[in-house]
Amino acid sequence: MAGVKFEQAMARLEAIVGELEKGDLPLDESLKIFEEGIRLSKNCLKVLEEAERKIEVLVQDKNGKKQLRAFSPYDDDNHDSAPDS
Amino acid sequence: MAAWARQLPWNEFASSTRGDPSTSPRSRSFTPSQDPSSKRVLTVSELTGLVRASLETDFPEVWLEGEISNLRAPGSGHLYCTLKDDAAQIRAVLFRSTAGRLRFGLEDGLHVIVRGRVSVYEPRGEYQIILEHVEPKGLGALQLAFEQLRQRLAAEGLFDRERKRPLPAFPRTVGIVTSPAGAAVRDIISVLHRRCPILAVLIAPVQVQGEGSAEQIASAIRSLNEWGRVDVIIVGRGGGSLEDLWSFNDERVVRAIVASAIPVVSAVGHETDMTLADYAADLRAPTPSAAAEAVAPVLSEVVEHLGTLALRCRQAMGWRCGAERRRLDLALAQIANVRFRILEDMQRVDGAVVQMRQAVQDALKGGWDTVHSVRHELVGRSPEPFVRHGLGQVPQLRSRLDGAMRYVLNRRKQEARSCLASLNALSPLGILDRGYGIVESLSTHQVIRDARQVEVGEAVLARLARGKLRCLVEEVMADLGLKSGSDPL
């Protein structure tokens, strides 16, 4: 659910920008949310920079335990990944 | 119609046997014999059995078109109905094993084409057709089943617009429920990563058609939900025939999509294919590629948006700081102004203090002058000389007063002595000395001047020069006296 956190961070950042541009808050409040906004934008960028492209398959072993396995969409061996029923 | 008509086995059977009447079922029919002695009497069961055998031999497989009526579904699972057209009707039965294979539900009034064999239900002597296959006329069986299920699930509210959830704007992980071997999964991944190269993809591999595929799809959706780290799910497959797409019309798939806590995008077949999974999904994408487009944000746009937001943040803050700075400068200028005014006021206060001090000193000086002059005047008017002068006269005046007093006293003493002598001469005591007495009534203490004032026997008191006498009156002599004579006194 990392996407949810990112989305919340973006939403908060947008809210902060809106608030700062309105300029209704007292200066110290503005400074506080400004710092929060800069922090959020850096964090979001960091999340994007550090995010890794991953393609995995969720498979279930005989005991019903779920596992992840790497997957290459252009590899014909992937036929094995399909459950056999 | 021509297609199924050609398959009618009865026609084939009939035509193949027409040329050989000896093998025709009709040649074996029991027509009454001309010879009564050889008359053979049948029981009802025997006849019914013969009729049944005859019918089953003659009509082992017929195709029949008609309208379903009087449909009954008792607990046994077998279905009973009547097939009819404008002029005739036939009872029909669909045994449970066959009924279970039907993809759509039978309904009264439904026009169907059936395949079956004709038989007799002996206990009632009714002939009937035992159905082995039923399909709706006109509409395909799958289409009918689709429509029926769609209506039922729609009535449950599973397709309601209010159920649809928005897709996450920035998914981190996209779950895909599809065949790992198909073109669809490649299309989806390719589009996802073209738009957003950093997306994580989690594939829940399933068979998308054939036996058991619907259950696999439903279970894969549940598995992704249980796995949890998935932000949005794409469920789909590439194009195919109506039969190929059929698993996506399965009720279990629909319910799994509805139950998913993670938003689901459906992408089944081509634009024109509409499955029940599409109805149930939070978003229906016309194709797998379109689903990927709908799900993945464009990374460069996100980064740009993020940059813009940070820039706007800084600009807004910078503007605000500038505005506050100007306010501060203004305030400082105002303070300087106020300070100047305060200095001015202080100067005025200083001036006023000097003036006040001068005024007080002036006032004091005038006061002292007055005090001095008054004091001078007071000293000039001092009573001391008079007192001193007066005190000098006191002894002399005192001796004069003493002399005068002695003189007056002596004179007054002489006057007093001569007065006393006169008084003595006039005093009653002096008279008494000379031998006179005073008589008073003892009762009234009145001086008795007239003898008639008392009566005989009355006591009177006589005052003498020395002592008193208590006397009793013996006699009153009224006319006696010195009436015209002078008083001896």
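This passage walks through the folds of chain B and the way chains A and B meet. The structure is a predicted model, in which local features need pLDDT of at least 70 and side-chain atom pairs count only at pLDDT 80 or more, while totals for chains, interfaces and linings use all residues. Residues are numbered from 1 along each chain as its sequence is written, and chains are lettered from A and ligands numbered from 1 in the order in which they are written.

Chain B comes out with 13 helices and 13 strands; these are DSSP runs numbered from the N terminus, with at least four residues for a helix (H or I) and at least two for a strand (E). Of its 489 residues, 22% count as buried. Here a residue is buried if 20 or more other C-beta atoms lie within 10 Å of its own, exposed if 12 or fewer, and partly exposed in between, with C-beta atoms placed from the backbone. Among contacts in chain B between residues at least 6 apart in sequence, 63% link residues at least 24 apart, a contact being a pair of residues whose C-beta atoms, placed from the backbone, lie within 7 Å.

One piece of chain B is a closed barrel of 5 strands, going round as S1-S2-S3-S5-S4 with mixed pairing; two strands pair if DSSP finds at least two bridges between them. From one strand to the next, the twist averages 55°. Angles like this one run from 0 to 180 degrees between N-to-C directions, and axes are lines fitted to C-alpha atoms, for helices over the stretch in contact. Within the barrel, S4(B) (residues 111-121) and S5(B) (residues 126-136) run antiparallel and are joined by 10 bridges, and Val118(B) has Ile129(B) as its bridge partner in S5(B). Helix H3 of chain B (residues 44-58) packs on this sheet, touching S4 and S5, and its direction makes about 140° with that of S4(B). S1(B) (residues 62-72) also holds Asn70(B), a residue other than glycine whose phi is positive, near 55°. Asn70(B) has 13 C-beta neighbours inside 10 Å and so counts as partly exposed.

Further along chain B, 3 strands make an open antiparallel sheet in the order S11-S12-S13. S11 (438-441) and S13 (468-472) of chain B are at the edges with a single partner strand each, so one side of each has no neighbour in the sheet. Neighbouring strands of this sheet are turned by 30° against each other on average, direction ignored. S11(B) pairs with S12(B) (residues 459-463) over 4 bridges in the antiparallel sense, and Val439(B) has Ala462(B) as its bridge partner in S12(B). In the loop between S11 and S12 of chain B sits His445(B), with a positive phi near 55° although the residue is not glycine. His445(B) is exposed, with 8 other C-beta atoms within 10 Å.

Then there is the helix packing. The axes of H7(B) and H8(B) (residues 251-259) come within 8 Å and cross at roughly 10°. The two helices are therefore roughly parallel to each other, the label used for angles under 35 degrees, with over 145 counted as roughly antiparallel, 65 to 115 as roughly perpendicular and the rest as oblique. Among the residues that meet are Ile217(B) and Ile221(B) from H7(B) and Val253(B) and Ile257(B) from H8(B).

The largest nonpolar core has 55 residues, of which Leu192(B), Ile234(B) and Ile257(B) touch the most other members. Such a core is a set of buried Ala, Val, Leu, Ile, Met, Phe, Trp, Tyr and Cys residues joined through C-beta atoms within 7 Å. A second, separate core of 15 residues includes Val17(A), Phe34(A), Leu309(B) and Cys313(B).

As for the two chains together, 42 residues of chain B are in contact with 41 residues of chain A. H11(B) gives the largest share of the chain B side, 11 residues. Strands join across the boundary too: S1(A) (residues 54-60) and S7(B) run parallel and share 4 bridges, with Ile203(B) in S7(B) as the bridge partner of Val57(A). S1(A) is also joined by 5 bridges to S2(A) (residues 66-70), running antiparallel. The hairpin of S1(A) and S2(A) has 5 residues between the strands, and there Gly64(A) takes a positive phi near 85°.
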